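Thanks for sharing this one. Here is a friendly note to read with the model open beside you.

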Amino acid sequence: MLASQRLAFRIARREAWRYKGRSALSITLLGLPLLGVAIGATAYDTTTLSAEQTTEQYLGENEAYIEFLEPGTPITQTSWDSGWFSYEYEGGGEFGEEEPVGRAVTDTEVLATLPLGSWITPYTPSTDAGEEIQVETPDGIGRIFSLGYNLTEEAYENSGLEYLEGSAPIRDEVVLSQAAADYLELGVGDDLVVDKSVGTEEFEVSGIVEFPWDLNGRFAIGPMFTAPASGWLVDSPEPLSDDQVLALNALGMGVWSKPHVTDPPPMPEAYSYETVLLDEYMITIYALIVVVVVMEVILLAGPAFAISARRRTREFALMSASGATPAQIRSTVLAGGVLFGLIAAVAAVLLGIGIVAAGLPLLERMVGYRSEGLRIMPWLQALLVGVAVCTGLLSALAAAISASRINVVAALMGRTPGRKGSKRWMVIGLAMVGVGIGSGLAGISIWSMPLMAAAIVLAQLGLVACTPALLALTARIGRWLPLAPRMALREAGRNRGSAAPAIAAVLGVVAGGMAFSMVLTADAVRGEQSQEHTVPQGTLTLSLYDQGDGTTAPDWDAALAEVEPQLHQRLDDLDVVETPQYTSWGECPDAEKYVEKSDESADCQTMMVRPEENRCPYWEADLEDEDEERAAVEAAREDHRCNERDLEVGSVLDNVVVSVDPKIVALYTQFEGAELDEAVAFLESGGVLVADPLALTDEGTVSFEQMVTVWTEDGDYTDLPPTLVELPAKAVDEDLFSSNQVFLGPGAAETLGLTESEWEREFLLQTSTEVDGATLEALTAEVETDVLDGAVWVSVDSTDYTDPTTTYMVLAVTGLCALIALGATAVSTGLIIAEQRRDMTTLGAVGAAPGLRKRFAMWQTVVIALFGAGLGTVAGFIGYALIREALNRPLQLTYPFETLYGWELPWAAIGITVLAVPLIAAIGALLFTRAKLPSERRLT
């Protein structure tokens with residue numbers, strides 16, 4: 001047995017060395033996905049920091065970071081591995097309970113709890129916690145953060161602050177982060193121009209710095225800025241003990257200390273937390289991703305072995321005629337799979353580690369912090385080699401079985417027996433797709449990872465099984481096509497054993513890429529829908545904010561008159577329309593109705609409520625344990641009345657737009673013509689437009705609940721019984737009313753007691769000028785940010801709910817998959833053309849022009865790419881359907897529901913995959929196919 005295996009590997013090695021080009025192509029197809037995994041594993045291990053390493057990066061040589069959480073109130077700290085603290089205080093944490101009353105704590109008390117000789121320095125573990133300042137940029141005016149640290153103190157350099165250039169600032173000097181310096185195009189010795197409320201100031205840049213935990217932060221540090229410190233760095237001669245840490249907790253301080261990251265002090269009490277464990281769901285999602293990747297590798301590498309085995313048909317026939325058994329022939333082919341898998345894995349691992357090592361600075365910029373150096377996750381790399389060998393075996397399995405069943409006589413005579421059974425395989429393939437879909441539905445229903453994984457495998461293999469029949473069916477339309485595409489279609493239909501595996505290779509790549517692109521696209525849309533939409537996407541707005549002493553409101557008309565001419569200089573055909581913002585928060589307009597004593601005041605707030613019959617029963621359920629909670633959520637999921645989002649539950653009317661201006665009404669409702677006129681008239685008559693149809697009563701009204709709280713000077717309060725106010729209402733389809741879900745006219749606002757905001761004004765800027773990022777910066781530079789002698793702050797913004805990062809990621813994933821698909825198409829087509837060398841020679845012998853042979857190869861490429869991309873897109877849709885359900889399941893465990901993953905399609909990815917890939921492949925085949933073949937030599 002062992003001798004037989006040695007022989008098989010010796011034959012495989014000699015065959016690989018004999019046909020170096022074909023072997024390299026096979027190894028490349030097998031190794032490309034493995035290279036991606038190797039890069040990902042190395043990059044992940046390199047950029048993953050442990051809690052101790054993160055602490056070392058933030059604190060450096062300092063012993064701890066401390067922060068007041070509840071000054072003067074004892075707390076029980078429950079998280080110890082970061083500067084973002086989780087804690088409890090006695091009697092706290094429950095809704096409706098009074099906050100603890102603390103006391104002022106002096107620095108002396110804090111130092112008394114620390115080891116003798118300790119020193120504390122202001123610090124915050126976030127560079128964007130500082131004051132945002134406006135600075136001059138090459139394009140106009142931009143914003144960066146400012147930190148008011150005194151960098152002459154050693155604690156900052158001990159914390160890891162590194163000077164890349166220059167030195168610490170003195171007097172009117174600042175240092176910039178590398179990201180800020182690149183953004184502003186400044187260096188050491190240049191001047192940073194800061195547009196402050198007291199006037200423009202210039203500060204010389206004395207150095208370029210970085211915090212190792214924030215490489216991409218844009219910030220400036222200088223003594224003239226406001227210190228944003230949320231806590232202190234502790235530099236002590238010895239580590240903090242458990243008693244000292246608990247003493248700081250007793251003062252209401254959270255502690256992030258090196259010794260206590262992995263060994264926290266004992267808790268004074270036992271705390272239990274009821275949490276929803278999502279590990280099971282995340283493991284399932286990761287397992288499905290692994291299944292998709294393995295299927296991609298098998299389908300990508302399988303064609304190379306299948307086509308190679310077909311080219312070696314005569315060799316296998318000679319082996320069989322010499323006495324080789326079918327098992328020995330299978331072993332020979334499988335040995336090639338093992339050999340190629342091993343070579344591909346080793347090459348992929350070494351190349352992946354090398355790529356990460358070379359790109360480590362770029363990788364650190366991408367994640368935003370310094371790594372601890374190159375790490376390769378050796379156990380996963382070793383596992384990758386094992387998976388590659390198994391994958392190579394699976395990829396060669398079909399070819400091995402086919403090779404062991406050859407007709408020896410036909411193969412030695414050079415005949416290719418006809419392929420039959422395409423209809424049977426069509427039925428089998430459709431059955432596999434059906435079983436896969438059923439398995440997926442069952443897996444989702446009972447949450448079984450094996451069933452969901454089987455669904456992905458069966459669906460893709462079913463589509464592969466359907467491919468020969470689809471090729472045979474498509475070949476029939478060749479009669480209506482020109483000569484070259486007719487020949488390509490008929491050849492694909494005749495030699496389905498070669499074309500089908502090639503199509504499967506493209507299918508596997510496209511399926512994985514399409515599924516991942518759909519996940520990214522749906523996640524971006526989900527993130528956009530989860531935001532509070534106040535105005536349509538791309539709306540240009542002007543905001544004026546009160547910067548006075550808070551005693552009197554500024555002259556808003558005068559402020560607008562000062563700003564408007566500056567806007568006209570940059571924006572053409574400008575129309576400035578105010579969008580009045582009203583609120584129900586604050587002192588009641590008719591407070592005298594509720595107060596009885598002179599030392600009392602009354603606060604009001606109003607919210608829209610649904611009729612009793614339209615309210616979600618979840619809120620009335622008496623929930624005592626997790627099982628009842630789960631049952632109530634399941635019931636809510638099936639109830640159409642339970643469609644509320646987090647933003648909409650208990651939303652008090654605030655920043656509500658109140659207007660009857662047709663321009664504003666049209667902006668928020670998208671109405672036009674007679675429909676717009678009707679809506680304006682309805683608002684003028686005291687009506688209300690609502691975005692929640694379930695808020696309407698049978699009489700066409702909507703109810704608002706007004707709540708009044710009466711306060712005394714001592715801080716005691718009394719909640720009065722709420723009152724209901726009904727107003728005529730109409731439902732609209734658009735959802736641009738933010739969480740308030742209402743649009744009011746002045747009459748309705750007065751009835752509800754809403755008052756216009758005293759401290760800000762909002763305006764809509766309608767212009768024919770197209771405003772992009774650079775234009776917005778230039779516009780900000782044109783407009784004074786402080787008017788009325790600094791009493792009003794001005795901001796011009798363009799509304800954007802999208803995340804451009806997702807678009808880039810989708811394009812990157814699609815581009816990578818398209819590149820691999822092109823490679824798979826080229827390799828498979830090259831192997832097929834090599835197999836059809838006899839046919840090419842015959843074409844030349846009968847007088848076919850070189851151009852015809854080139855076009856024939858081009859159309860063969862188009863057939864493979866189109867079929868693979870089309871079927872891969874279908875397989876990607878099926879895979880995404882399962883992954884989508886896996887992602888949505890944990891999001892449905894609580895109520896109100898989070899925004900779920902939907903069916904938004906990545907049209908750019910689909911266009912690149914289905915259209916661009918076949919086109920580029922066709923051009924490549926036309927350019928690089930050798931047209932001249934020897935036709936003089938004999939073929940027999």
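The points below go through the disulfide, the aromatic rings, the charges over rings and one pair of helices.

1. Please keep in mind throughout that this is a predicted model. The contacts described here are therefore best read as features of a prediction.

2. Let's start with the cysteines. The count comes to one disulfide, and it joins Cys 616 to Cys 642 with an S to S distance of 1.9 Å. The link between Cys 616 and Cys 642 is right-handed, with 90° about the S-S bond.

3. What does this disulfide tie together? Cys 616 sits in the loop between strand 17 (600-609) and helix 19 (626-638), while Cys 642 sits in the loop between helix 19 and strand 18 (656-657), so the bond connects parts that are 26 residues apart in sequence. If you have not looked at such links for a while, a disulfide is a covalent bond between the sulfur atoms of two cysteines.

4. Are these cysteines buried or exposed? Cys 616 is buried, at a relative accessible area of 1%, and Cys 642 is buried too, at 5%. Cys 466 also counts as buried, with 4% relative accessibility.

5. Next, the aromatic rings. The structure holds 13 aromatic pairs, and one of them is formed by Phe 68 and Trp 232. Their arrangement is edge-to-face, with 5.8 Å from centre to centre and 85° between the planes. Phe 68 belongs to strand 1 (residues 64-68) and Trp 232 to strand 12 (residues 231-235), so this pair ties together parts that are 164 residues apart in sequence.

6. The two partners fall on either side of the 20% cut-off for burial. Phe 68 has a relative accessible area of 21% and is partly exposed, whereas Trp 232, at 19%, is buried. I would read those two labels with the percentages beside them.

7. There is an aromatic cluster to look at as well. Its members are Tyr 58, Phe 211, Trp 213, Phe 219 and Trp 256.

8. Two charged side chains deserve a glance. The charged end of Arg 218 sits over the ring of Tyr 183, 3.9 Å from the ring centre. Lys 730 lies over the face of Phe 682, with 4.8 Å to the ring centre.

9. Finally, how do helix 26 and helix 27 pack? Helix 26 (residues 850-891) and helix 27 (residues 907-928) meet at an angle of about 160°, and their axes are 8 Å apart. The two helices are therefore roughly antiparallel to each other, and helix 26 passes helix 27 in a right-handed crossing.

Conventions. Residues numbered from 1 in each chain as written. Predicted model: local features only at pLDDT ≥ 70, side-chain atom pairs only at ≥ 80, totals over all residues. Heavy atoms only, no water. Disulfide = S-S within 2.5 Å. Helix = DSSP H or I, 4+ residues; strand = E, 2+ residues; numbered from the N terminus. Buried < 20%, exposed > 50% of the residue type's maximum accessible area, 1.4 Å probe, protein only. Phe/Tyr/Trp six-rings, centres within 6.5 Å; stacked < 30°, edge-to-face > 60°. Lys NZ or Arg CZ within 6 Å of the ring centre and 35° of its normal. Axes fitted to C-alpha atoms, helices over the stretch in contact; angles between N-to-C directions. Parallel < 35°, antiparallel > 145°, perpendicular 65-115°, else oblique. Left-handed = near helix turned anticlockwise from the far one by under 90°.
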